[in-house]
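Student: I am new to this structure. Please take a close look at a single part, a pocket if you can, and set it in the whole.

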Amino acid sequence: MSVVTVQLGQCGNQIGYEVFDTMCRDLHNTQGFCSKRENEIYQASCKEHFFNEDKSEVPVARALLIDMEPKVISQTLLKAAHSGRWKYGQHSHFCQRQGSGNNWAYGYSVHGPKHEESIMNLIQREVEEYDSLSGFSIIMSMAGGTGSGLGAFLTQNLRDAYPNSFIMNQVIWPYGTGEVIVQNYNSVLTLSHLYRSSDALLVHENDVVHKICAKLMNIKQISFRDVNQVIAHQLGSVFQPTYSSEDSFQYRRNPLGGFKDPALYTSWLQPSDAFCEWRTHRAFNKYEKSAALVSNSQFLLKPLDTIVGKAWNMFASKAYVHQYTKFGIEEEDFLDSFTVLEQIVASYCNL
């Protein structure tokens, strides 16, 4: 089952590169702390999901690169090719040269419809190369213009074109003190649209990842690449091939047994339904033992409520609203988005 990764905007393309590079370095790792046969099965499974093999036998990432300017895409393609371990396909990228700045409305209402046919044709060509399509992994930022506006538009199109395929959006949550003055507007509009068309949103908070770099990794001068590499490691560990623990040997001392405690979950959901455990004998990136937890919980309640509140304060004074209405996003669209997210906040408060 193949997965098509769509890298959107500068943020999405830079993180997408780090994700594929992390997975490919892991594939070449001979210290997997498992048998040779288990390692070969692991490598074959990972390649089947995320890479193609060409005549040179260099893995080719199953990805499309989309951005409003050619610079980031060109740099990303070159970095992958120079790694010698993997590369991107020569025709699996799309470049738009008119800048949308940080205006969500321009990405959604102008770039989206203008380039819809070209982008969807590229995606169709990519999908037709596979025997079986599992779904799409879309890497995008919430704060900017291309990644958020065009990303929301594209996700809706993918839902209509591939109704039976799984769509997961890897969403990069902006810093609380970000440089984009309208990032809260962009975030509210992005989240409300993705909520309607995506199957799952996997969120990475820049502020949280920054703390990991500072406190756990002891990095003094933290760069965007440091942050991106941590996110890439998180995604890579989630995407690595696994098997259900129910179908395998149960260890006498299960370190995850604490997750069976009913007190951890809402009253209307049994622990057996709320928690699924997957394992692999193969180490990830030379770590002898590691664990990744993907949780649907109240963890995002505070940052979501904060973003909605800040956007409401700006909207109440009509700040920068004209930058959106001139590209077709009406005030009613803002109100609809606020309503959707406030309902989500209320639902999570009741968990």
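Tutor: Start with terms: helices (H or I, at least four residues) and strands (E, at least two) are DSSP runs, numbered from the N terminus. By that count, the chain holds 12 helices and 11 strands. Its radius of gyration (taken over C-alpha atoms) is 21 Å, close to the 20 Å that the globule rule (2.2 Å times the number of residues to the power 0.38) gives for 351 residues, so the chain is as compact as a globular protein of that length. The model is predicted: local features need pLDDT of at least 70 and side-chain atom pairs pLDDT 80 or more, while totals for chains, interfaces and linings use all residues. Residues are numbered from 1 along each chain as its sequence is written, and side-chain values use heavy atoms, with hydrogens and water left out.

A few figures frame the whole. The C-alpha trace spans about 60 × 55 × 45 Å along its principal axes. Of the 351 residues, 47% are buried (under 20% relative accessible area; exposed is over 50%, partly exposed in between; 1.4 Å probe, protein chains only). Take the contacts (heavy atoms within 4.5 Å) with a separation of 6 or more. Residues 24 or more positions apart account for 79% of them.

Now the part itself: the second largest pocket. Its volume is about 820 Å³. The residues closest to its centre are Gln-10, Cys-11, Ser-141, Val-180 and Phe-224, out of 34 that line it. A pocket here is an open set of points on a 1 Å grid over the protein atoms alone, where a 1.4 Å probe fits, with protein on both sides within 12 Å along at least five of seven lines; lining residues have an atom within 4 Å of a point. Points are joined across faces, edges and corners, and the volume is the space filled by probe spheres set on them.

Which helices build the lining? At least two residues each come from helix H1 (9-27), helix H3 (70-83), helix H5 (146-161) and helix H8 (224-239). H1 gives the largest share, six residues. By class, 17 lining residues are polar, 13 are nonpolar and four are charged. Nonpolar covers Ala, Val, Leu, Ile, Met, Phe, Trp, Tyr, Cys and Pro; charged covers Asp, Glu, Lys and Arg; the others, Gly among them, are polar.

Look next at two of these helices. Gln-14 sits in H1. Gln-14 is partly exposed, at 29% relative accessible area. Its C-alpha atom is 7.4 Å from that of Asn-228, with the two positions 214 residues apart along the chain. Val-227 belongs to H8. Val-227 is buried, with a relative accessible area of 1%. Beyond four places in sequence, Val-227 touches Tyr-175, Asn-206, Val-209, His-210, Cys-213 and Ile-222. Asn-206 is 21 residues away along the chain, and its C-alpha atom is 7.4 Å from that of Val-227.

Before H8 comes a loop. Asn-218 lies in the loop between helix H7 (206-216) and H8. Its phi is near 55°, positive in a residue other than glycine. At 52% relative accessibility, Asn-218 is exposed.

Then strand S7 (residues 133-141), which holds Ser-137. Ser-137 is buried, at 5% relative accessibility. Leaving out residues up to four places away, Ser-137 touches Val-3, Val-4, Thr-5, Val-6, Met-168, Gln-170 and Phe-239. Tyr-130 sits in the loop between H4 and S7. Tyr-130 is buried too, at 9%. With the four-place limit again, Tyr-130 touches Ser-2, Val-4, Asn-52 and Arg-62.

Last, the cores. In soluble globular proteins, nonpolar side chains tend to be buried together. A nonpolar core is a set of buried Ala, Val, Leu, Ile, Met, Phe, Trp, Tyr and Cys residues joined through side-chain atoms within 4.5 Å. The largest core here has 51 residues, and those with the most contacts inside it are Ile-123, Phe-136, Leu-154, Leu-158, Tyr-185, Tyr-324 and Phe-334. Helix H4 (residues 104-127) supplies its largest share, eight residues. Another core, of 30 residues, lies apart from it, and includes Met-23, Ile-73, Ala-80 and Ala-232. Back in the largest core, Ile-123 contacts Leu-64, Phe-136, Leu-154, Leu-158 and Tyr-162, leaving aside neighbours within four places in sequence.
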